Amino acid sequence: MEDKKPEQPFNAYAKYSALGVQMGVIIGGGCYSGYKLDEYYKNETPVFTIILSLVSIAIAMYLILKDFIKPKNNGK
């Protein structure tokens with residue numbers, strides 16, 4: 001017998017909202033850091049902004065996908 005409670009809608013909403021905020025903070029932090037590095041080194045082409053924004057997108061996607069693919073605990 002499994003006493004498995006369905007996930008309540010509010011819990012799911014809170015979980016996915018937190019994932020969205022986490023993703024936004026990671027990407028925003030990477031872009032801001034790249035912008036500040038380009039500003040500091042006075043680059044004409046925003047090399048650091050481009051590189052760090054792409055790296056931060058990759059990190060955010062990895063963390064989000066890792067959370068989605070996480071195996072469910074069946075209580076065993």
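Which residue just after H1 takes a positive phi? That one is Lys-42, and the legends below come back to it in the second view. Keep in mind throughout that this is a predicted model.

**View 1. The whole chain, two helices and no strands.** The secondary structure of the protein chain comes down to 2 helices and 0 strands. H1 covers residues 9-41, and H2 covers residues 47-69. Of the 76 residues in the chain, 13% count as buried. The chain exposes about 6600 Å², with carbon and sulfur atoms supplying 65% of that area. As for contacts between residues at least 6 apart in sequence, 49% of them join residues at least 24 apart. One pair to look for is Ile-26 and Ile-59: they sit 33 residues apart along the chain, and their C-alpha atoms are separated by 7.8 Å.

**View 2. The loop between the helices, with Lys-42 in the frame.** Lys-42 belongs to the loop that links H1 and H2. Its phi is near 55°, a positive value in a residue other than glycine. Is Lys-42 buried or exposed? Lys-42 is exposed, because its relative accessible area is 71%, and the cut-off for exposed is over 50%.

**View 3. Helix H1 from end to end, and the residues it buries.** H1 has 33 residues, so at 1.5 Å a residue it should span 48 Å; the C-alpha atoms at its ends are 48 Å apart, which agrees. The buried residues here are Leu-19, Gly-30, Gly-34 and Asp-38. What do they pack against? The buried residues of H1 pack against H2.

**View 4. A salt bridge along H1, between Glu-39 and Lys-36.** How many salt bridges does a search of the whole structure find? The search turns up 1. Here the side chains of Glu-39 and Lys-36 meet, at 3.1 Å from N to O. The two residues are 3 apart in helix H1, so about one helical turn separates them. Glu-39 is partly exposed, since its relative accessible area is 41%. Lys-36 also counts as partly exposed, because its relative accessibility is 34%.

**View 5. Helix H2 from end to end, with its buried residues picked out.** H2 has 23 residues, so at 1.5 Å a residue the expected span is 33 Å; its end C-alpha atoms are 33 Å apart, and the two values agree. Buried along H2 are Thr-49, Ser-53, Ser-56, Ala-60, Ile-64 and Asp-67. What covers these residues includes H1. Ile-59 is in H2 as well, but Ile-59 counts as partly exposed because its relative accessibility is 43%.

**View 6. Thr-49 and Ser-53, zoomed in on their contacts.** Thr-49 has its place in H2 and is buried there. What does Thr-49 touch, not counting residues up to four places away in sequence? The partners are Cys-31, Gly-34, Tyr-35 and Asp-38. With Gly-34 there is a polar approach too: a polar atom of the Thr-49 side chain lies 3.3 Å from the backbone oxygen of Gly-34. Ser-53 is in H2, and its side chain reaches the backbone oxygen of Thr-49 at 2.8 Å. Leaving out residues up to four places away in sequence, Ser-53 touches Gly-30, Cys-31 and Phe-48. Ser-53 is buried because its relative accessible area is 14%, and buried means under 20%.

**View 7. A nonpolar patch on the surface, about 790 Å² of it.** The residues that make this patch are Tyr-16, Ile-50, Leu-54, Ile-57, Met-61, Leu-65, Phe-68 and Ile-69. Which helix gives the most to the patch? H2 does, with 7 residues. One of the patch residues, Phe-68, has its place in H2. Phe-68 is partly exposed, since its relative accessible area is 46%.

Conventions
Residues are numbered from 1 along each chain as its sequence is written. This is a predicted model: local features need pLDDT of at least 70, side-chain atom pairs count only at pLDDT 80 or more; totals for chains, interfaces and linings use all residues. Side-chain values use heavy atoms; hydrogens and water are left out. Helices (H or I, at least four residues) and strands (E, at least two) are DSSP runs, numbered from the N terminus. A polar contact is a pair of N or O atoms within 3.5 Å; within protein, one must be able to donate a hydrogen and the other to accept it, and residues adjacent in sequence count only if both atoms are side-chain atoms. Contact means heavy atoms within 4.5 Å. Patches are made of residues with over 30% relative accessible area and no salt bridge: like charges are joined within 9 Å, nonpolar side chains (Val, Leu, Ile, Met, Phe, Trp, Tyr) within 5 Å. Accessible areas come from the Shrake-Rupley method with a 1.4 Å probe; for residues, only the protein chains shown count as cover. A salt bridge is a side-chain nitrogen of Lys or Arg within 4 Å of a carboxyl oxygen of Asp or Glu. Buried means under 20% relative accessible area, exposed over 50%, partly exposed in between (1.4 Å probe, protein chains only). The expected span of a helix is 1.5 Å times one less than its number of residues.
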